[in-house]
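User: I am new to this structure and would like to understand how its descriptions are justified. Could you take me through the reasoning step by step?

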Amino acid sequence: MLSDLLVKQLIEKAMEGRKYSYSPYSHFAVGAAVLCENNTVYTGCNVENASYGMTNCAERTAIFKAISEGYHRFKAIAIIADTEAPCTPCGACRQVISEFDIPYIIMANVTGDYKVVSLDELMPYRFGKS
Ligand code: THU
């Protein structure tokens, strides 16, 4: 399990990532932070495009940053946005989270609510390597 302190630290990092959100179309700023096995943290934000479908979500930005720096094993990922309930990851991001078997997903909002779920809870019957 993740300690409360670690959960809160990762949410704080996701909030930092959110500051750089490029979201001129939706005006919906999302931040993420992924915790690598060696405790390195990569943050991410959503990056939108005039061709909407080119948009990259915050979670995938954070994960792809880590992968591109050589990290493939993760302990947790946090996602944050200005939503009423804690912000949940989209289906595409769930599939990427699944690819790397990230065991804990921390969903948060900017008012301080959060919920931690396991990968199996987030994505039952997921399609994967096995
Ligand atoms: N978005 C994310 O960054 N992560 C998600 O899991 C859901 C959606 C972004 C994409 C787009 O820039 C904006 O939120 C509105 O859909």
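Analyst: In this predicted model, the ligand is surrounded by a set of residues that includes Ser26, Phe28, Val30, Asn46, Cys57, Glu59 and Cys90.

User: What makes the approach of Asn46 to an oxygen atom of the ligand a polar contact?

Analyst: An N or O atom in the side chain of Asn46 is 2.9 Å from an oxygen atom of the ligand, and because a pair of N or O atoms within 3.5 Å counts as a polar contact, this pair qualifies. A polar side-chain atom of Glu59 lies 2.5 Å from an oxygen atom of the ligand, while for Cys90 a polar backbone atom is 2.8 Å from an oxygen atom of the ligand, so these pairs also fall within the 3.5 Å cut-off.

User: Which residues lie nearest the centre of the largest pocket?

Analyst: They are Phe28, Val30, Asn46, Cys57 and Glu59, out of a lining of 15 residues. The space in this pocket is about 180 Å³, and H2 gives the most to the lining, with three residues.

User: Why is Thr61 called buried?

Analyst: Thr61, which is found in helix H2, has a relative accessibility of 16%, and because buried means under 20%, the residue counts as buried.

User: Which backbone oxygens lie at 2.9 Å and 3.0 Å from a polar atom of the side chain of Thr61?

Analyst: The backbone oxygen of Cys45 lies at 2.9 Å, and the backbone oxygen of Cys57 lies at 3.0 Å. Leaving aside neighbours within four places in sequence, Thr61 is in contact with Gly44, Cys45, Val47 and Asn56.

Definitions and conventions. Residues are numbered from 1 along each chain as its sequence is written. This is a predicted model: local features need pLDDT of at least 70, side-chain atom pairs count only at pLDDT 80 or more; totals for chains, interfaces and linings use all residues. Side-chain values use heavy atoms; hydrogens and water are left out. Helices (H or I, at least four residues) and strands (E, at least two) are DSSP runs, numbered from the N terminus. Buried means under 20% relative accessible area, exposed over 50%, partly exposed in between (1.4 Å probe, protein chains only). A polar contact is a pair of N or O atoms within 3.5 Å; within protein, one must be able to donate a hydrogen and the other to accept it, and residues adjacent in sequence count only if both atoms are side-chain atoms. Contact means heavy atoms within 4.5 Å. On a 1 Å grid over the protein atoms alone, a cavity is a set of points where a 1.4 Å probe fits but cannot get out, and a pocket is an open set with protein on both sides within 12 Å along at least five of seven lines; lining residues have an atom within 4 Å of a point. Grid points are joined across faces, edges and corners, and a volume is the space filled by probe spheres set on the points. A residue is near a molecule or strand if one of its heavy atoms lies within 4 Å of it.
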